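Q: I'm new to this structure and would like a close look at one part of it. Could you start with one helix and then work outwards from there?

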Amino acid sequence: MDNERLTRREFLSRTGKAAGLAALTSTAGLALHVRDPRPFDEDETKPLVRDLRIAGLAPRLAVVHGEDPALLARASIEKLGGMGTFIKRGDVVVVKPNIGWDRMPEQAANTNPAVVREIIQLCLAAGAAKVIVTDVTCNETERCFQRSGIARAAEEAGAEVRRPRESDFTEVNTGGVMLGKQPVLKSFLEADKVINVPIAKHHSLTGTTLALKNLYGIISGNRSRLHQDIHNSLADLGNFLRPTLTVVDAFRILRRNGPQGGNLADVEYTKTLVACADTVAADAYAAETFFGLTRDRLNYLGFAQERGLGTADYRTLPIDEFTV
C-alpha cells in the first residue's frame, strides 16, 4: 500500500483490522506484548502524507473585494468553479479556521466567523456528509471557541464543532526536517477534504501568519520547538497536510502585535478574501499584498515550492480580481 496517500476508506480499514487483531490476541490469552493498534505506525520509517488536493486541477487565484465577508467567501469560491469542484457528495470535510486566541472577531486574531459559516453552508449544499470545525488553540479552548464567535457560527450552519481533548490526538510520523513524530488531531487523519481558512495577520517571528502557519493548529506536543527553525517547520506542515482548498480571510487584518493582538488600533479593514487550491500561491500573494513580504523574506515559501506543494511565483497563475 502506498503510505504517501492514505484515503479515509483506507484509514478506516486499517483501524478495523488493527482492532480485530487486538481482540483475537486478547481472546487467546497470549502473554505477548500487544502492539498499539494505531493505524499509522505499521511502518514508522515512512512518513505519512495527507494529500487532499484535487488531482488534475489547475489552480487559479480568486481575489475578491467587498463589504460583506460572507458574500466574499461565496463569490471567491464560485470564481474557482464552485464548492462542487472541491467537495463531493458524502465527503467528510474539516474546515480549519484560526481559533487560536481568546479574542473577539473585531480584534482580528481569529478567522472571521461569517466566513466560516458561509464555507460550511457551501460544503453542505455541495453534498458533504459532515463538516467538522476544529483547531488546537493557544489560549483556553472554550474561551477561544466562544469569544471568536466561531463555535456559534459553525453550529448554526450545521457543522460539528470539536474542541480538542487529549484523546483526540494520535502520534504519527509526519516526516520533515523539524516535525518528525508528532501528535496530530485525528479529525485531520479521517477527513476526505480539508479547507484551510486562516486570517491574514502580523506575526512577531515570521512577519505574517497565513495558511501554512495556520496548520500549527492540527498538532499538539511541543509546538514551540518548531519555532527554532520556523521556515522548515512550516514547509514540513504543508508537506504533511495538503489542504483541498485555501481561503485567506483578509476582511480585517491584524497589522501589528500579532499573532494575538488585542488593540483595535492594530486592525485594518482591507475587505478582501483570497481563495486558491494552491496553498503556497495563496500565502505568497497575501504576504506580498497585505504585508509587503516577498519570497526572499519568507524562506518557507521557497522550501514549500521545492517540495512540490505549490508555487511561490503566484503571478504565474491566472488571477481573477473583482469586487462584489
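**Helix α8 and beyond**

A: In α8, the buried residues are Ile-230, His-231, Asn-232, Ser-233, Leu-234, Ala-235, Asp-236, Leu-237, Gly-238, Asn-239 and Phe-240. Before going on: this is a predicted model, in which local features need pLDDT of at least 70 and side-chain atom pairs count only at pLDDT 80 or more, while totals for chains, interfaces and linings use all residues. Residues are numbered from 1 along each chain as its sequence is written, and side-chain values use heavy atoms, with hydrogens and water left out.

Here "buried" means under 20% relative accessible area, "exposed" means over 50%, and "partly exposed" is anything in between (1.4 Å probe, protein chains only). Helices (H or I, at least four residues) and strands (E, at least two) are DSSP runs, numbered from the N terminus. With that in hand, α8 spans residues 230-240, and 11 of its 11 residues are buried, so the helix is largely enclosed by the rest of the structure.

What touches α8 from elsewhere? One residue to look at is Lys-213, in helix α7 (residues 211-214). Leaving aside residues up to four places away in sequence, Lys-213 touches His-203, His-227, Ile-230 and Leu-234, where contact means heavy atoms within 4.5 Å. Ile-230 and Leu-234 belong to α8. Lys-213 is also a bit of a loner: it is buried yet has no salt bridge, and the nearest side chain of opposite charge, Asp-135, is 9.8 Å away. For the charge count, Lys and Arg are positive and Asp and Glu negative, while His and the chain ends are not counted. A salt bridge needs a side-chain nitrogen of Lys or Arg within 4 Å of a carboxyl oxygen of Asp or Glu.

Salt bridges do turn up elsewhere: a search of the whole structure finds 21 of them. Take Arg-74 and Glu-118, whose side chains meet in one at 2.6 Å, N to O. That pair links distant parts of the chain, since Arg-74 sits in helix α2 (residues 69-79) and Glu-118 in helix α3 (residues 113-125), 44 residues apart. Arg-74 is partly exposed at 33% relative accessible area, whereas Glu-118 is buried at 8%.

Another salt bridge joins Lys-193 and Asp-91, with their closest N and O atoms 2.6 Å apart. Lys-193 lies in strand β8 (residues 193-197) and Asp-91 in the loop between α2 and β3 (92-97), so this pair ties together parts that are 102 residues apart in sequence. Both Lys-193 and Asp-91 are buried.

Then there's Lys-130 with Glu-160, where the closest N and O atoms are 3.6 Å apart. Here strand β4 (residues 130-134) holds Lys-130 and strand β5 (residues 160-162) holds Glu-160, so the bridge ties together parts 30 residues apart in sequence. Lys-130 counts as partly exposed at 33% relative accessibility, and Glu-160 does too at 31%. Asp-51, Arg-53 and Arg-242 are joined into one network by salt bridges that share partners.

Moving along the chain, a few backbone oddities are worth a look. Most residues other than glycine have a negative phi, and most peptide bonds are trans. Asn-257 has a positive phi, near 60 degrees, and it is exposed, at 52% relative accessible area. Gly-258 and Pro-259 are joined by a cis peptide bond, with omega about 15 degrees. Asn-257 lies in the loop between β11 and β12, and Pro-259 is found in the loop between β11 (245-254) and β12 (267-276). In strand β12 itself, Lys-271 has a positive phi of about 50 degrees although it is not a glycine.

Finally, look at a pair of helices. The axes of α9 (residues 279-291) and α10 come within 10 Å and cross at roughly 160 degrees. That makes α9 roughly antiparallel to α10. Axes are lines fitted to C-alpha atoms, for helices over the stretch in contact, with angles from 0 to 180 degrees between N-to-C directions; under 35 degrees counts as roughly parallel, over 145 as roughly antiparallel, 65 to 115 as roughly perpendicular and the rest as oblique. Val-280, Asp-283 and Ala-284 in α9 meet Tyr-300, Leu-301 and Ala-304 in α10. Val-280 is also 9.7 Å from Gly-308, C-alpha to C-alpha, with their positions 28 residues apart in sequence. Gly-308 lies in the loop between α10 (299-306) and β13 (319-323), and it is partly exposed at 44% relative accessible area.
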